[in-house]
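Biologist: Please show me the model, and then let us go through its charged pairs and its helix packing one question at a time.

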Amino acid sequence: MEYQGSAFCGWQRQDGPASVQESLEAALSEIAQSAVHTTVAGRTDAGVHALGQVVHFDAPAARPALAWTRGVNRFLPPTISVRWARPVPLDFHARFAALGRRYRYCILNRAERSALFADRAAWIARPLAVEAMQEATRLLVGHHDFSAFRAAACQAKHPLRELRQLRVTRRGDWVFVDAEANAFLHHMVRNLVGVLLSIGWGDRPPHWAAQVLASRDRQQAGMTAPAEGLYFVAALYPPQFQLPTLDFPDLHTLCAPSC
């Protein structure tokens with residue numbers, strides 16, 4: 001699935017505000033003519049977007065693949081779209097079978113805000129020193145205790161994660177932070193970006209990132225970057241499931257089509 005998260009309270013169904021899960025399950029139920037419950041690869045917060053979110057469900061009725069894509073999309077709001085659908089073995093689980101996940105954080109780094117990308121990217125007016133941010137990322141990659149980058153409401157059983165990639169790239173007015181890990185803690189990517197922003201502004205030196213990591217103290221990490229800049233890019237699965245996997249998109253294809 002892909003979705004624009006600005007209109008939703010997040011992935012998970014809640015009382016009151018509209019959720020991505022609620023919209024998808026309602027559309028699937030129209031096609032199945034029966035109630036459908038979904039399981040997602042990675043729950044996203046309010047305002048967070050997705051390019052390649054993966055969802056599994058037990059289909060209560062046999063339908064052609066096109067019904068689960070184009071048919072379901074007929075009943076979805078324009079800010080949500082199913083990109084593909086296929087049957088999987090009974091041992092597949094969208095969350096627990098995933099070997100890793102990819103996120104991208106999009107920053108519009110210019111003096112004035114954008115009308116076209118409001119709610120689709122984080123607007124940061126202060127100039128960012130990307131070289132310093134890149135230096136800091138090398139201190140954070142690896143298998144670590146990421147307690148300092150974990151939200152207080154995080155429900156994960158432990159804070160140990162393998163951050164396989166953390167990359168900062170600039171293209172014109174755009175700065176992209178790409179992250180891949182075996183799994184992420186609640187707000188982990190946004191808190192990582194918050195630390196990188198402080199370093200990019202020159203408020204902190206690059207080696208401060210290692211100090212924050214070693215502290216295991218959320219209070220040491222500073223700000224949580226705004227939700228609107230975050231995109232769930234992909235979930236990674238073992239090859240036997242033969243599922244499509246999105247790589248990090250080319251810089252000019254996400255948030256910066258005019259570059």
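Biologist: Are Glu-180 and Arg-102 buried or exposed?

Modeller: This is a predicted model, in which local features need pLDDT of at least 70 and side-chain atom pairs count only at pLDDT 80 or more, while totals for chains, interfaces and linings use all residues. Residues are numbered from 1 along each chain as its sequence is written, and side-chain values use heavy atoms, with hydrogens and water left out. On the scale of relative accessible area, where under 20% is buried, over 50% exposed and anything in between partly exposed (1.4 Å probe, protein chains only), Glu-180 and Arg-102 are both buried.

Biologist: How many residues apart in sequence are the parts that this pair ties together?

Modeller: Glu-180 and Arg-102 form a salt bridge, with their closest N and O atoms 2.9 Å apart; the term requires a side-chain nitrogen of Lys or Arg within 4 Å of a carboxyl oxygen of Asp or Glu. Glu-180 lies in strand S10 (residues 174–181) and Arg-102 in strand S6 (residues 100–108), strands (E, at least two residues) and helices (H or I, at least four) being DSSP runs numbered from the N terminus. The separation of the parts tied together is therefore 78 residues.

Biologist: Which residue of strand S9 pairs with Asp-178 of strand S10?

Modeller: Asp-178 counts as buried because its relative accessibility is 0%, whereas its salt-bridge partner, whose closest atom lies 2.8 Å away (N to O), is partly exposed at 36%. The partner sits in strand S9 (residues 160–171), 11 residues from Asp-178, and it is Arg-167.

Biologist: Which residue of helix H4 makes a salt bridge with Asp-45?

Modeller: Asp-45, in the loop between strand S2 (38–40) and strand S3 (49–50), is tied to a part of the chain 145 residues away in sequence, and it is partly exposed at 24%. Its partner in helix H4 (residues 188–200) is buried, with a relative accessible area of 12%. The N to O distance is 3.8 Å, and the residue is Arg-190.

Biologist: What is the orientation of helix H1 to helix H2?

Modeller: The axes of H1 (residues 20–32) and H2 (residues 65–73) come within 9 Å and cross at roughly 120 degrees, where axes are lines fitted to C-alpha atoms over the stretch in contact and angles run from 0 to 180 degrees between N-to-C directions. Angles under 35 degrees count as roughly parallel, over 145 as roughly antiparallel, 65 to 115 as roughly perpendicular and the rest as oblique. H1 is therefore, relative to H2, oblique.
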